[in-house]
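Reader: I am new to this one and would like to understand how its descriptions are arrived at. Could you show it to me and then take my questions?

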Amino acid sequence: MSVGIGAALSIPITAIILAAITGASFMIWQIPTDLEMTVVVSDFESHIVGIDERFKIISNALDESFEEMINSEITPNEYISIAEISSTQINSQIIELVESEATDEWLDSYLNNLESLRAYNSYIRETIVLANLLNDDYTMSDKEDILTKISLLKQESIDYGQMSVSTRP
């Protein structure tokens with residue numbers, strides 16, 4: 001009785017497939033189940049200064065884009081895209097501050113910085129509301145209430161930022 005080439009090849013192919021499945025199942029056990037990122041901060045001063053610098057870059061770029069939208073140099077939809085990205089970046093900074101577990105010495109400064117970032121994120125949300133209204137062909141004069149709220153939120157962010165700096169050890 002003779003075995004054909006197809007039957008002879010099927011045994012090694014089956015063995016390879018079984019080995020691959022077995023290897024893959026062992027790899028699943030090796031992948032960590034806790035994929036959460038942790039932030040370990042040992043130099044709280046340089047950490048908060050770094051957050052401040054990144055915030056300045058994000059806020060300056062967004063403020064410039066907001067002015068461009070107001071002056072009709074970019075469309076409201078373009079601004080909304082920029083603002084959503086900026087909001088995501090600010091959220092990342094908020095998470096970074098919360099997870100840094102600041103020492104008692106730095107806690108007030110970190111909390112004030114956190115409030116500054118939250119106020120700025122509220123500012124971003126309100127500018128997006130304004131951009132959506134502009135998309136609906138409302139005139140700028142119809143939006144005085146929103147512009148006032150935007151201004152107040154921006155000032156609140158600035159005030160908390162200044163308190164953060166003044167409460168640093």
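Author: Let's begin with the surface. This is a predicted model, and the accessible surface of its protein chain comes to about 11,100 Å². Carbon and sulfur atoms account for 59% of that area.

Reader: How much of the protein chain is buried?

Author: Of the 169 residues, 33% are buried. The word applies to a residue with under 20% relative accessible area.

Reader: Which elements does the protein chain have, and in what order do they run?

Author: The protein chain has 5 helices and 0 strands. Reading from the N terminus, you meet α-α-α-α-α.

Reader: How do you know that the span of helix 4 agrees with its number of residues?

Author: We can set two values side by side. Helix 4 covers residues 104–135, which makes 32 residues, and at 1.5 Å a residue these should span 46 Å. The C-alpha atoms at its ends are 47 Å apart, so the two values agree. Just after helix 4 comes Asp 137, with a positive phi near 65°.

Reader: What makes Ser 86 a buried residue?

Author: Its relative accessible area is 6%. Buried means under 20%, so Ser 86, at 6%, counts as buried. Ser 86 sits in helix 3. Beyond its neighbours within four places in sequence, Ser 86 is in contact with Ile 58, Leu 62 and Ile 124.

Reader: Why is Ser 81 called partly exposed?

Author: Ser 81 is found in helix 3 too, and its relative accessibility is 41%. Partly exposed is the range between the 20% limit for buried and the 50% limit for exposed, and 41% falls there, so Ser 81 is given that name. Ser 81 also has a partner to look up in the structure: Ile 128 is 47 residues away in sequence, yet the two C-alpha atoms are 9.2 Å apart in space.

Reader: And Gln 93, buried or exposed?

Author: Buried: the relative accessible area of Gln 93 is 2%, which is under the 20% limit, so the name fits. Gln 93 lies in helix 3. Leaving out neighbours within four places in sequence, its contacts are Ile 51, Arg 54, Phe 55, Ile 58 and Leu 117.

Reader: Which residues touch the most other members of the largest nonpolar core?

Author: Those are Tyr 79, Ile 90, Tyr 123 and Ile 124, in a core of 30 residues. Two or more core residues come from each of helix 2 (44–70), helix 3 (76–99), helix 4 and helix 5 (144–166). Helix 4 gives the largest share, 11 residues. As for Tyr 123, apart from neighbours within four places in sequence, it is in contact with Leu 62, Asp 63, Phe 66, Ile 150, Leu 153 and Lys 154.

Reader: How many of the contacts in the protein chain join residues that are 24 or more positions apart?

Author: Among contacts with a separation of 6 or more, such pairs account for 76%.

Reader: What can you tell me about the largest pocket?

Author: Its volume is about 300 Å³. The pocket is lined by 18 residues, and the closest to its centre are Phe 55, Ser 116, Ser 157, Ile 158 and Gly 161. Helix 2, helix 4 and helix 5 each supply at least two residues of the lining.

Reader: Which helix gives the most to that lining?

Author: Helix 5 does, with 7 residues.

Notes
Residues are numbered from 1 along each chain as its sequence is written. This is a predicted model: local features need pLDDT of at least 70, side-chain atom pairs count only at pLDDT 80 or more; totals for chains, interfaces and linings use all residues. Side-chain values use heavy atoms; hydrogens and water are left out. Helices (H or I, at least four residues) and strands (E, at least two) are DSSP runs, numbered from the N terminus. Buried means under 20% relative accessible area, exposed over 50%, partly exposed in between (1.4 Å probe, protein chains only). Contact means heavy atoms within 4.5 Å. Accessible areas come from the Shrake-Rupley method with a 1.4 Å probe; for residues, only the protein chains shown count as cover. The expected span of a helix is 1.5 Å times one less than its number of residues. A nonpolar core is a set of buried Ala, Val, Leu, Ile, Met, Phe, Trp, Tyr and Cys residues joined through side-chain atoms within 4.5 Å. On a 1 Å grid over the protein atoms alone, a cavity is a set of points where a 1.4 Å probe fits but cannot get out, and a pocket is an open set with protein on both sides within 12 Å along at least five of seven lines; lining residues have an atom within 4 Å of a point. Grid points are joined across faces, edges and corners, and a volume is the space filled by probe spheres set on the points.
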